[in-house]
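Q: Please take a close look at the surface patches of this structure, and then follow the side-chain contacts inward from there. A connected account for a newcomer would be welcome.

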Amino acid sequence: MPETKSKIRIFGDPVLRKKAKPVQKITSEHREILSQMASSMYEDSGIGLAAPQIGLSSQLIVIDIGQGLYKLINPKIVKREGFHAITEGCLSLPGICIKVKRSKRVWVKALDENGNPVEIEAKDLFACVLQHEIDHLKGKLIIDYASFLEKIRIKRKLAALKTNGKTCKLQL
Ligand code: ZN
């Protein structure tokens, strides 16, 4: 990986495996963090980012798949439908791309940065990114979806992460 200003935590950092805590009371500090997360996401050409990826074990995510920025607090999937598999990358796992089978459509409840309830009905790529980021809040990563053979292939890549990270098409 070339040296960047990125503050993104990379696989191996224990914060990525921790269960993120729900936000009890939204303050200006959370709004500030969400803005920082959005900047980091854009800087690293990601389309989604979860707070654990910047070292904060808190239930905050940002998403922008090109249809506007979403800043979500305490997001929860309340309903799912169908299946869909997309090859995903992760800013915390540079160079690793895994085809992940997820729900094609999800319904998510969350709070916006002012504490107002938000309900999102998402499908395809947007649904995939929501599930990817919500996984981060549970300490779950795309490598957990890898098949046995993929895991063997990935093992070498994980070891080489810092030396030759390439980026995948979708960085979440
Ligand atoms: Zn990720």
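A: Surface patches and side-chain contacts

F148, L149 and I152 together make a nonpolar surface patch of about 370 Å². The model described here is a predicted one. Of the residues in this patch, F148 may be placed in the chain: F148 belongs to helix 3, which spans residues 148-164. F148 has a relative accessibility of 64% and therefore counts as exposed, since the cut-off for that class is over 50%.

A second patch is of a charged kind. K19, R80, K138 and K140 form a positive surface patch. One of its members, K138, is located in the loop that runs between helix 2 (124-137) and helix 3 (148-164). The relative accessible area of K138 is 46%, so this residue is classed as partly exposed.

From the loop that holds K138, the account moves back to helix 2. D124 lies in this helix, and its phi is positive, at about 50°, although D124 is not a glycine. Such a value deserves mention because most residues other than glycine have a negative phi. D124 has a relative accessible area of 26% and is therefore partly exposed. N74 likewise has a positive phi of about 50° without being a glycine. N74 is part of strand 3, and its relative accessibility of 17% falls under the 20% limit, so N74 counts as buried.

Helix 2 and strand 3 also meet through aromatic side chains. A pair of aromatic rings is described by the distance of the centres and the angle of the planes. How many aromatic pairs does the count give? The count comes to 1 aromatic pair. This pair is formed by Y70 and F126, whose ring centres are 5.0 Å apart and whose planes stand at 40° to each other, an arrangement classed as tilted. Because Y70 sits in strand 3 (residues 70-81) and F126 in helix 2, the pair ties together parts that are 56 residues apart in sequence. The two partners may also be described by their accessibility. Y70 counts as partly exposed because its relative accessibility is 29%, whereas F126 counts as buried because its value is 9%.

Charged side chains provide further links. Side chains of opposite charge can pair when their charged atoms come close. The search of the whole structure finds 8 salt bridges. Three of them are described below.

The side chain of E113 meets that of K71 in a salt bridge, with 3.7 Å from N to O. This contact joins distant parts of the chain, 42 residues apart: E113 is in the loop between strand 6 (105-111) and strand 7 (117-123), and K71 is in strand 3. With a relative accessibility of 23%, E113 counts as partly exposed.

A salt bridge also connects D135 and R102, at 2.9 Å from N to O. Distant parts of the chain are linked here as well, for D135 lies in helix 2 and R102 in strand 5 (residues 98-102), 33 residues apart. D135 and R102 are both buried.

E121 and R105 form another salt bridge, in which the closest N and O atoms are 3.0 Å apart. E121 lies in strand 7 and R105 in strand 6, so this pair ties together parts that are 16 residues apart in sequence. R105 counts as partly exposed because its relative accessibility is 27%. Beyond these individual pairs, E88, R102 and D135 are joined into one network by salt bridges that share partners.

Strand 5, which holds R102, leads to a last group of residues. I98 lies in strand 5, and its relative accessible area is 0%, so I98 is buried. I98 and T87 are 11 residues apart in sequence, while their C-alpha atoms are 5.2 Å apart in space. T87 may also be related to A50: the two are 37 residues apart along the chain, and 19 Å separates their C-alpha atoms. A50 belongs to strand 1 (residues 48-50). A50 is buried because its relative accessible area is 0%.

In summary, the account began with the nonpolar patch of F148, L149 and I152 and the positive patch of K19, R80, K138 and K140. It then passed to the tilted aromatic pair of Y70 and F126 and to salt bridges, among them that of the buried residues D135 and R102.

Terms used: Residues are numbered from 1 along each chain as its sequence is written. This is a predicted model: local features need pLDDT of at least 70, side-chain atom pairs count only at pLDDT 80 or more; totals for chains, interfaces and linings use all residues. Side-chain values use heavy atoms; hydrogens and water are left out. Patches are made of residues with over 30% relative accessible area and no salt bridge: like charges are joined within 9 Å, nonpolar side chains (Val, Leu, Ile, Met, Phe, Trp, Tyr) within 5 Å. Accessible areas come from the Shrake-Rupley method with a 1.4 Å probe; for residues, only the protein chains shown count as cover. A salt bridge is a side-chain nitrogen of Lys or Arg within 4 Å of a carboxyl oxygen of Asp or Glu. Lys and Arg count as positive and Asp and Glu as negative; His and the chain ends are not counted. The place of a charge is taken as NZ of Lys, CZ of Arg, CG of Asp or CD of Glu. Helices (H or I, at least four residues) and strands (E, at least two) are DSSP runs, numbered from the N terminus. Buried means under 20% relative accessible area, exposed over 50%, partly exposed in between (1.4 Å probe, protein chains only). Rings of Phe, Tyr and Trp (its six-membered ring) pair if their centres lie within 6.5 Å; planes under 30 degrees apart count as stacked, over 60 as edge-to-face and the rest as tilted.
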